[in-house]
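Reader: Hey, I'm new to this one. Can you walk me through a few spots?
Author: Sure, let's bring it up and go from there.

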Amino acid sequence: MRRAISLLLFIFSIFAYSSPVWQRKVVNYERNQYKAGFQNWMIAQSEKGWIYCANSNGLLEFDGVNWSLYPIRNKLLRSVKVIDKRVYVGGSTEFGYFGPNELGLLSYNSLSENTKDWGGEVWNIQSGGDKIYFISDRHVHVYNKKSTELVTINATAKIDCSTLIDDVLYIGTSDGVFYLKGNVFFFLSTSVSLKNQKLVSILSYGSKLLVTTAWAGLYLVDNGSIQKMHSAADTFIANNQLFSASVSGTKIVLGSVQNGVFLFDPQDPSYKETFSINNGLKNNTGLCAFFDKEQNLWLGLDKGLSYIDLKSPIRPLFSIVSPIGTGYCTMEYNDEIYLGTNQALYKLDKDGCHPIKGSEGQIWSMNIIDNTLFSSGDNGILVISPTGSYKINIPGAWETHPLKADKNRLIVATYSGLIVIERVGGRWGLSHGISGFYDSARGFIEGDESYTFWVALTGRIQKVKFDHTLTKIIERKSYAVPIRENVFFRKIDNNLVVCADDGIYKYSSITDGFDHYTELESMLDGNKYYEYLFVDELKNIWYVSDGLLKMLPYTTEGYKVHTFNWGLSNELISSYENVFLMNNRSAIVAVDNAFVKIDLSQATYGPNSLKVHIKKLTSSKNDSIISYGDARKAITLPYSLNSVRIYFLATDFTHPSDILYTYRLRGVDNEWSAPSPNPLKEYTNLTEGRYVFEVKAYISGEDSSSSEITTLTFVVRPPWYRSIFAYLVYFLLVMLLFFVLYKKTIGKQKKIIHQKGEELIAQSKRYQEESLIKDQEIYELQNENLKTELKYKTQELNGYILNVIRKNEMMEDVKKNAESISRAIDEDKDRSAIRQKVVRLISQINSNIERDDDFEVFQSNFDIIHQDFFKLLDEKFPGLTRNDKILCAYLNMNMSTKEIAPLLNISVRGVEVNRYRLRKKMNLDRDVNLSDFLSDLK
């Protein structure tokens with residue numbers, strides 16, 4: 001049974017592996033992917049890097065992630081040209097251009113509507129200055145971009161191809177090559193030998209025209225000569241009908257009808273590549289070829305579209321599904337490359353891969369020991385030497401290692417322990433197993449001390465020492481290190497190194513333990529899990545982190561700061577990564593589709609400069625497009641559409657699956673989001689305001705800080721009830737409400753005030769009436785009091801007057817008594833009797849003196865009644881005597897002279913004299929009435 005399988009495998013290998021090795025990466029896009037017609041007749045590229053195809057169903061757009069189809073009338077397109085921000089197209093009886101509308105969405109504008117009586121198909125579009133040339137079968141339509149004028153020029157023959165060089169339009173016909181001068185075509189005489197040939201293309205090559213024919217080959221033509229070009233493509237041209245051609249620099253690509261395309265460089269005869277269904281293409285008819293901005297090749301096929309990565313330093317062994325299975329290990333032995341896969345061991349040469357007989361089954365590792373190749377695998381160890389090969393039957397062999405102290409014995413790590421093989425008579429064979437060790441020992445390495453080995457087990461590391469016969473364990477020690485299954489040991493700068501879950505550890509003989517290898521971590525990607533770590537012969541450090549293969553190059557100046565990110569995130573085999581350095585210029589890496597080769601001489605460091613484009617902005621509430629691409633007007637959203645989806649992308653046809661995006665919406669997200677491959681972000685229920693969406697893209701494994709930031713600004717208008725107009729209405733309503741309330745309040749207040757006023761008036765009237773009554777009562781009381789007081793004062797005054805009268809009477813008595821005394825003296829009466837009369841007279845005088853205080857009483861009462869009359873006299877006339885004041889009082893009381901005389905005990909004449917003296921003291925004129933003057937005294 002095994003022999004039968006080996007025979008079938010060998011037969012299949014002869015059939016399948018005869019193709020050349022190390023192919024280009026080919027990506028095929030089929031109709032079921034882009035949802036359009038099979039045929040793609042011409043390809044162009046915009047400034048954004050997006051690809052546009054003239055498809056049989058319309059204009060096909062590919063941004064690296066999404067496909068979009070823009071149909072036109074009659075559907076079929078034959079030609080496409082991107083000029084500025086317009087995409088000019090030509091097809092069946094139709095030509096025009098697509099340009100962004102106000103929303104940024106491509107909108108078609110027909111130019112062929114301005115032509116009369118024209119029919120045919122536009123096969124090519126050329127541009128020069130302000131003119132656009134639409135070249136159809138027999139006409140050239142010249143469109144002026146500035147004046148929008150359209151002129152149609154008839155050709156003398158059917159146009160098969162065309163080009164514009166130095167603003168001169170050349171056309172290829174079955175009659176040769178013509179050029180346009182003014183509105184007339186002139187024959188290029190040097191092309192006379194091309195008559196009756198089917199011309200495929202006219203291209204600029206150097207300073208000449210490169211004319212491609214369908215069957216007769218390539219020609220270089222100028223004004224003075226024509227010569228046939230001989231190159232590495234001659235055999236391909238001789239065996240195929242050519243249909244298309246394209247030029248980039250010195251490279252030429254030819255598309256055939258039946259055998260794919262041929263790429264070559266006339267200036268480098270050794271360079272040639274063929275692309276067909278044998279090495280990646282899905283179809284062999286090359287309708288068109290196009291070199292993009294990165295100088296990678298696009299092919300428009302009769303069925304589908306293909307992208308060929310020409311610039312990548314990574315080339316797969318097979319561009320299609322690997323017929324040799326999954327790759328696991330590589331080794332160069334005697335100038336031949338051996339490849340270990342899950343199917344068998346293969347030898348690689350220029351003709352392909354060939355299986356090694358007896359190696360069937362999973363191959364895990366290969367080692368070269370003493371000029372002998374040991375291939376360890378699931379079905380044993382295959383030993384290959386210059387004299388031949390043979391197999392050692394040790395099932396489940398992980399790897400084979402030499403012993404420092406014994407050149408004739410090797411130790412083999414297997415699924416269930418360690419086995420010793422021994423060389424006897426120049427041939428290696430099974431010796432014995434080591435007792436006491438039955439673990440799977442895939443990851444192990446010999447230590448500095450002989451017969452001592454380090455073994456990596458899940459969750460721990462063991463140091464095992466065997467006896468010199470390698471039959472038993474004499475010492476074993478475990479170290480707790482957080483490692484995973486299938487971990488390998490490495491020697492870096494004489495340090496024993498192992499990768500763990502939380503970084504890289506190295507063994508310290510001083511502490512007899514494992515510590516973080518911080519120096520190495522800082523040179524790589526920091527403190528994290530490394531799936532793979534390997535140092536090649538040039539001291540380059542290869543490692544895998546986050547599923548990406550990277551390399552830290554070593555130079556004469558030491559390790560560079562930056563690393564090369566090779567990617568391969570979806571191709572590496574987890575826990576079984578393998579890198580082999582070949583001839584110091586390239587490396588072979590094991591992947592799930594066999595192997596890839598990395599050309600280190602083509603490696604250029606530098607993060608990929610990815611430009612993110614905002615594809616469109618849509619409403620997640622009704623899926624309507626708000627903005628598409630390059631919208632010309634500011635983006636303003638109504639509040640009803642405040643939930644949005646933002647579609648964005650970075651165009652990279654080489655690493656589409658490795659692109660990561662990080663973004664933020666200022667005002668909502670202040671921090672950048674976690675990297676994600678999803679080119680879409682949705683925001684819901686945004687409040688009104690101005691928003692700036694920022695997004696940047698980078699290749700997984702590279703530094704995102706250097707990525708370019710793309711922004712999108714949009715404004716969410718407030719809801720109608722929070723708009724400026726609404727606030728104005730609210731303000732007016734509030735003012736109106738205040739006005740109404742004011743009016744009502746004022747009216748009510750006026751009414752209340754009126755009522756209160758009437759009440760106050762009534763109260764005032766009542767108060768006035770009551771006040772009048774009270775005032776009347778008070779007045780009457782005051783009058784009564786005044787009357788009473790006046791009566792009392794009058795009584796006092798009368799008493800004073802009576803007292804004065806009494807004094808006067810007394811004075812009369814005194815006078816009589818004095819006269820009596822005088823007569824008694826005259827009569828010489830008894831002295832005692834006289835003395836008695838004198839004493840009685842003195843007593844009578846004293847009695848009257850004691851009553852002289854009546855004047856003060858009189859004065860006080862008179863001041864009360866007559867408003868401080870005596871005080872005013874004292875102030876105005878301080879020189880008045882008491883008798884003067886009494887006279888003034890009597891005059892103020894309007895008493896007559898006759899009435900005053902007895903009061904003053906003087907004669908009337910005496911009163912007159914006193915009045916005269918008083919006027920003199922007061923300096924009164926003779927015409928001033930003294931009584932009136934004293935009555936008016938103030």
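**A threonine and its surroundings**

Author: Let's start with Thr 213, whose side chain reaches the backbone oxygen of Gly 217 at 2.8 Å. Bear in mind that this is a predicted model.

Reader: OK, what else does a polar atom of that Thr 213 side chain lie 2.9 Å from?
Author: The backbone nitrogen of Ala 216.

Reader: And which strand is Thr 213 in?
Author: Thr 213 belongs to β19, which covers residues 208–213.

Reader: Is Thr 213 buried or exposed?
Author: Buried, because its relative accessibility is 0%, and the cut-off for buried is under 20%.

Reader: Which residues does Thr 213 contact, leaving aside neighbours within four places in sequence?
Author: Leu 194, Gln 197, Lys 198, Leu 199, Val 200, Tyr 219 and Leu 242.

Reader: Switching topic: how many cavities of 30 Å³ or more are there?
Author: Two. The second largest has a volume of about 60 Å³. It is lined by 13 residues, and the closest to its centre are Ser 359, Glu 360, Ile 363, Gly 380 and Lys 391.

Reader: Which strand gives the largest share of that second largest cavity's lining?
Author: β36, with three residues. Both β35 (372–377) and β36 (380–385) supply at least two.

Reader: What's the mix by class in that lining?
Author: Seven polar, three nonpolar and three charged residues.

Reader: Last one: which residues of helix α8 are buried?
Author: In α8, residues 869–876, they are Phe 869, Phe 870, Leu 872 and Leu 873. These four cover an arc of only 160° around the axis, so they sit on the same side of α8.

Key
Residues numbered from 1 in each chain as written. Predicted model: local features only at pLDDT ≥ 70, side-chain atom pairs only at ≥ 80, totals over all residues. Heavy atoms only, no water. 1 Å grid on protein atoms, 1.4 Å probe; cavity = no way out; pocket = protein on both sides within 12 Å on 5 of 7 lines; lining within 4 Å. Points joined across faces, edges and corners; volume = space filled by probe spheres on them. Nonpolar A, V, L, I, M, F, W, Y, C, P; charged D, E, K, R; others polar. Buried < 20%, exposed > 50% of the residue type's maximum accessible area, 1.4 Å probe, protein only. Arc of directions from axis to C-beta. Polar contact = N/O pair within 3.5 Å; in protein donor to acceptor, adjacent residues only side chain to side chain. Contact = heavy atoms within 4.5 Å.
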